[in-house]
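Here are some short exercises to work through with the structure open beside you. Try each task before you read its solution.

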Amino acid sequence: MPVDVGKFIKAPDYDIKVITYRDVFQAVACEEDYTGDECREMSAVIVLDAAEMKRMGFHEGKNVRLTSKWGSVVVMIKKSPREEQKGLGFMVNSPWSNALVSDEMLNGIPEFKDIEVKITGSNDEITSIKELFML
Amino acid sequence: MTEMVTWTCTGCALLCEDIQVRVDNNRIEQVEHACLKGKARIFGCKHVAVPAVNGAGVSIDDAINEAARILKGAKNPLLYGWSNSTSEAQMAGIELARTLGGVLDSTSSFCQGITINEIIKGTIPSCTLEEVREQADVMIFWGANPMSSHPRHLSRYSYFPRGELRQRGYEEDRTAISIDVWQSRTAKICKDKFYRIPPGGDAEFMRGLMDGLSGRVPKLSFDFDVKRILELAAVLKKAEFGVIFAGLGLVYSMKEDFGLLSEFMDTLNRFSNYSLIPMAGHFNMRGFNQNLYDETGYIYRVKFVDGKAASGVEFSVVEQIKHGADAVLVVGSDPLASLPASISRRLKDIPVILIDPCMNLTSQVADVTIPCSTSGIEVGGTAVRMDGKSMEISPLVQGVNMSDEMVIKRIIEEVG
Ligand code: SF4
């Protein structure tokens, strides 16, 4: 049987900062039902600059794994309609972004908006809310 | 009987008091003027909460008794949430914390509490939203995106309306400025007055602006056209009535350098008349801070010992969940969804009591669930708007559950 060499080659990863933001449509969908498909589809997304996507070899709609020291999630890539600052990815504030946030802080305010992660291509499915909390 | 009533929306801390609602036989049939967020609040959640202990359905009395038993047996109970409750329920919460000798904190602990603290203590000047509507000519949305967080902010108060001194409205009389790390929906409205800064660059940009205001050439470590800062400083100097709407982007970025914000306000006020309004999210976040301040002299993160309050970062919700609390009462909040998972996972290891009209993510780990009526929809009371104005809210319909205030009072009776 031929050996699938690709299986043993680690997908390259890149360092980026995740910046979180609020979105009224996502907030309404999630408030209504955090466990619903709509909430997951609107939350488990990272928005990237087109040139950055090219540099990292990603295309829109591809799944990527985001990993920080505190957690790891699989989300889908969306292309920003604008040029963004390099090295940044944007995620709507949600349990998916919160999975990456540190528990270390000085003043009782976690780093919700400025999260260092590694991003790498992934064939895994989008992380479900149950997996996030091991419910 | 059908009636159209004027109602105050509790979808966010803007507390729009011009919502028209048609109620038919205790059912909400039609809503006018509310934004998407307000409508979602009015029509309620998909999954309503039911009384439960360890996942099994029980009577409301049994759920309350079990909650009281857990809280009474805890050495260090944390009472958390409160920003979606009326002031009356918040006052009951303060009494419960005092009775138990527990820790009391709200969502403002990792939101706008730090800003509200400065305003309540008078170190940062503030104003009302009515003053903004009638008088403001320059408004800065700094790390704030009300088009998503408070969707009617710009149309009711800050930018689009004709005001007493702003009869030519946004077309000629008002200048909206956005300072942010990305072009939000609000930044789009600000057009060429959008200033994109790097993450964490707020304090440096603020210092640059202070230099510009004081006639010095700003020096920044990141790439930014100095001419644009000088142009912005000139716009700020010329303002007759300026307002800064401080969003979470600003608060989080400046949290270790917060003193700079009052220096910045002082600098601006050497040239004109500037105020700051915190973009508090939940409808009565500011009420909790004000009520607790009036009772204890502290706005949040309080521990009661022998009836006396002490405050400190060690009593913040995040530190308490990490390694302090041995039982948590959550009122009208969803810490599992809103806190870092690295912290909220611990809620699975300690008893959690949830008082809420809806099932939420925290319901999945709650040992006791106590349903309550929705504040502002099924039960009225007092709330404090983002700018500090106290508002009376009338209920729209009659709910089947008791209010969170009543539930807390019942728990006080049981533990007292
Ligand atoms: S802006 Fe806020 S208070 Fe006004 S209608 Fe929308 S949710 Fe309700």
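**Exercise 1.** In this predicted model, find which residues B:Ser109 touches, leaving out residues up to four places away in sequence.

*Solution.* Start with chain A: B:Ser109 touches A:Gly108 and A:Ile109, among others. Then turn to chain B, where the contacts of B:Ser109 include B:Tyr300, B:Arg301, B:Ser316 and B:Val317.

**Exercise 2.** Place B:Ser109 along its chain and decide: is B:Ser109 buried or exposed?

*Solution.* First, the place: B:Ser109 sits in the loop between β7 (103-106) and α4 (113-120) of chain B. Next, the relative accessibility of B:Ser109 is 1%. Buried means under 20%, so B:Ser109 counts as buried at 1%.

**Exercise 3.** Work out how domain 1 of chain B and domain 2 of chain B meet.

*Solution.* Begin with the bounds: the domain assignment gives domain 1 as 47-111 + 283-378 + 400-415 and domain 2 as 113-278 of chain B. Their contact takes 10 residues from domain 1 of chain B and 11 residues from domain 2 of chain B.

Now the area: about 900 Å² is buried between the two domains, with carbon and sulfur atoms giving 63%. On the domain 1 side, B:Cys111, B:Arg286 and B:Ile299 lose the most area, together 54% of what that side buries.

Finally, look at the chemistry. The rule finds zero salt bridges across this interface, while three residue pairs are in polar contact. By class, the domain 1 side has six nonpolar, three polar and one charged residues.

Notes: Residues are numbered from 1 along each chain as its sequence is written. Chains are lettered from A and ligands numbered from 1 in the order in which they are written. This is a predicted model: local features need pLDDT of at least 70, side-chain atom pairs count only at pLDDT 80 or more; totals for chains, interfaces and linings use all residues. Side-chain values use heavy atoms; hydrogens and water are left out. Domain bounds come from an automatic or database domain assignment. Contact means heavy atoms within 4.5 Å. Buried area is the accessible area (1.4 Å probe) that two parts lose on being put together, summed over both. A salt bridge is a side-chain nitrogen of Lys or Arg within 4 Å of a carboxyl oxygen of Asp or Glu. A polar contact is a pair of N or O atoms within 3.5 Å; within protein, one must be able to donate a hydrogen and the other to accept it, and residues adjacent in sequence count only if both atoms are side-chain atoms. Ala, Val, Leu, Ile, Met, Phe, Trp, Tyr, Cys and Pro count as nonpolar, Asp, Glu, Lys and Arg as charged, and the others, Gly among them, as polar. Helices (H or I, at least four residues) and strands (E, at least two) are DSSP runs, numbered from the N terminus. Buried means under 20% relative accessible area, exposed over 50%, partly exposed in between (1.4 Å probe, protein chains only).
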